[in-house]
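Trainee: I should like to learn how to read a protein model. May we go through some features together?

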Amino acid sequence: MGQFDSIKRDPWMVEQHYLASTREKEQEFADPDAQALLIGPAEHRHHYRGLSRDWAHMALELAVQRYSGGEPMELVEAYVDYAFAQFARHFSAYPATSEQLRPWVSDEYRLALWLLSLAVLCGYPERVDQVLGWLNQDDERSPDLLLHRLFQRLGKAYPGTSLLHPEPYGALLESLDLKGPAQHDALMHYLGQWYANAHGCYWHERHIRARSDHLGYWAFEAALVAFLWSVQGDALESAPRFYPQALVERAHYRRLGKQFRDPETARREDAPGWPSGTPCPWPGYYVCVERMVGEQVFMHQVPFPEIDGQVVHWRLSRTF
């Protein structure tokens, strides 16, 4: 087994094809003539709308390929950021509603989920607002319950009371309201059906096409749910190959959860602390705000103590 085969994350990625495809994309991005067209006078830009959109999509494809090819995560994150910069450039140059992502179109819905997932898992919280702004929310076909729940978890508002695409996203939506093994099972079910349900995507079965510009197959949205809803990492070790585990592990390593805290965690961590005499609201390790006494264990309903006869405040450090 060669070095590439030992580090690649997608089992169908072939080194020769990977190098050729990524090199071709890099050369196109370095083309000064194309760059000049994209930043040319505003009155001429309508001629290059397609080129502008293609560049943004190509940048995202390149980022996904870099992940699939086993590149270091720091490099992958840089390519993801470049892709976001290209989408930001495109939507800024073409701000019309007709150019926004249409969530009722399955490919554009999937693109929105990918962008949102990568914004969170690569640690770009400012990009979450951008993704929200790139979605067409004015059309009556726009509201979607899954997007509503995902943005709600991130502290943003998006309308939706029903699911636009029950197939395949029903199992993913269902997992949001489950806990423990049931949540794990729902995610596993979603991942088990993910590739088969992606048969209409333009990148489906690229690994067997003569063109050989395979991107890699990844259910980024499942990783987003696992990360934001704190599904235990070891519970998904046996997940199908479409689960981008390295991306989730990297997000945990960087402690990105602090940038995307759920409301309950934010309430606990931002609380000024409970004064002495207050019953402990939940068991865990607590620190004193006023005194450096280290972590102390308190069980539920046990009153927080005074220190040296003084009323102090106790803040939750971590749960059991």
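The dialogue below takes up a sheet, a buried residue and a pocket.

Mentor: Please keep in mind that this is a predicted model.

Trainee: In what order do the four strands of the open sheet lie?

Mentor: In general, strands of a sheet pair through backbone hydrogen bonds, and the pairing is either parallel or antiparallel. In this structure the order is E1-E4-E2-E3, and the pairing is antiparallel. Strand E1 (274-275) and strand E3 (296-298) form the edges, each pairing on one side only.

Trainee: Over how many bridges do E1 and strand E4 pair?

Mentor: E1 pairs with strand E4, residues 313-318, over two bridges in the antiparallel sense. Pro275 stands opposite His313 of E4.

Trainee: Is Glu61 buried or exposed?

Mentor: A residue counts as buried when its relative accessible area is under 20%. Glu61 has a relative accessible area of 12%, so Glu61 is buried. Glu61 belongs to helix H4. Leaving aside residues up to four places away in sequence, Glu61 touches Lys25, Tyr202, Arg206 and Leu215.

Trainee: Which residues lie nearest the centre of the second largest pocket?

Mentor: They are His57, Leu101, Asp107, Glu108 and Leu111, out of 22 lining residues. The space in this pocket is about 400 Å³.

Trainee: Which helices each supply at least two residues of that lining?

Mentor: Helix H4 (49-68), helix H5 (73-93) and helix H6 (106-121) do so. By residue type, the lining of the second largest pocket comprises eleven nonpolar, four polar and seven charged residues.

Technical notes
Residues are numbered from 1 along each chain as its sequence is written. This is a predicted model: local features need pLDDT of at least 70, side-chain atom pairs count only at pLDDT 80 or more; totals for chains, interfaces and linings use all residues. Side-chain values use heavy atoms; hydrogens and water are left out. On a 1 Å grid over the protein atoms alone, a cavity is a set of points where a 1.4 Å probe fits but cannot get out, and a pocket is an open set with protein on both sides within 12 Å along at least five of seven lines; lining residues have an atom within 4 Å of a point. Grid points are joined across faces, edges and corners, and a volume is the space filled by probe spheres set on the points. Ala, Val, Leu, Ile, Met, Phe, Trp, Tyr, Cys and Pro count as nonpolar, Asp, Glu, Lys and Arg as charged, and the others, Gly among them, as polar. Two strands pair if DSSP finds at least two bridges between them. Buried means under 20% relative accessible area, exposed over 50%, partly exposed in between (1.4 Å probe, protein chains only). Contact means heavy atoms within 4.5 Å.
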